[in-house]
Amino acid sequence: MAGTIKKGALVRVVRETLENSLEAAASDRRLPSYLLDSKAEVLDIKDEYALLRFYVPTPNVWLKLDQLEPA
């Protein structure tokens, strides 16, 4: 997956891979609807993580590349 997602790409979060992940366990278990129902832009990529910007007034978030799919 890392080869198909690049900086500037639009992506969607894959619910199944995020719900039981370490990243989900580190925060509120109730995932906000915008996280799963909207597209995000990849701002940066570091190792196996991507920095995402959603088009709602919320902070940017880092998620693993395997939790994303091209939109």
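Tutor: Before we start, a quick definition: two strands count as paired if DSSP finds at least two bridges between them. Also keep in mind that this is a predicted model.

Student: Okay, what order do the strands of the open sheet have?

Tutor: The chain has 3 helices and 5 strands, and along the sequence the pattern reads β-α-α-α-β-β-β-β. The open sheet contains 5 strands with antiparallel pairing. Its order is E4-E3-E2-E1-E5.

Student: Which strands stand at the edges?

Tutor: Look for strands with a single partner, so that one side is left without a neighbour in the sheet. That picks out E4 (61–64) and E5 (68–70).

Student: By how many degrees are neighbouring strands of this sheet turned against each other on average?

Tutor: The average is taken over neighbouring strands of the sheet. Direction is ignored here, and the value comes out at 50°.

Student: Let's go to one edge. Which residue in E4 is the bridge partner of Tyr49?

Tutor: E3 covers residues 49–54 and runs antiparallel to E4, with 4 bridges joining them. Tyr49 has its bridge partner in E4, and that partner is Lys64.

Student: And E1, how many bridges does it share with E5?

Tutor: E1 pairs antiparallel with E2 over 2 bridges, and Val11 stands opposite Ala40 in E2. Towards E5, Arg12 has Glu69 as its bridge partner. The E1–E5 pairing is antiparallel too, and its bridge count is 3.

Student: Which residues make up the covered face of E1?

Tutor: E1 has two faces, and the uncovered one holds Leu10 and Arg12. Two E1 residues are also among those with the most contacts inside the largest nonpolar core, alongside Leu52, Leu63 and Leu68. They form the covered face: Val11 and Val13.

Student: Which element gives the largest share of this core?

Tutor: The core has 14 residues. At least two residues each come from E1 (10–13), H3 (33–37), E2 (40–46) and E3. The largest share is 3 residues, and the element supplying them is E3.

Student: What percentage of the residues count as buried?

Tutor: Buried means under 20% relative accessible area. The accessible surface of the chain is about 4,600 Å², with 53% of it belonging to carbon and sulfur atoms. Of the 71 residues, the buried part is 30%.

Student: Last one: what radius of gyration does the chain have?

Tutor: The C-alpha atoms fill a box of roughly 30 × 25 × 20 Å along the principal axes. A compact globule with 71 residues would be near 11 Å, so the chain agrees with a radius of gyration of 11 Å.

Technical notes
Residues numbered from 1 in each chain as written. Predicted model: local features only at pLDDT ≥ 70, side-chain atom pairs only at ≥ 80, totals over all residues. Heavy atoms only, no water. Axes fitted to C-alpha atoms, helices over the stretch in contact; angles between N-to-C directions. Rg over C-alpha atoms; globule rule 2.2 N^0.38 Å. Buried < 20%, exposed > 50% of the residue type's maximum accessible area, 1.4 Å probe, protein only. Areas by Shrake-Rupley, 256 points an atom, 1.4 Å probe, with all protein chains shown as cover. Core = buried A, V, L, I, M, F, W, Y, C linked by side-chain atoms within 4.5 Å.
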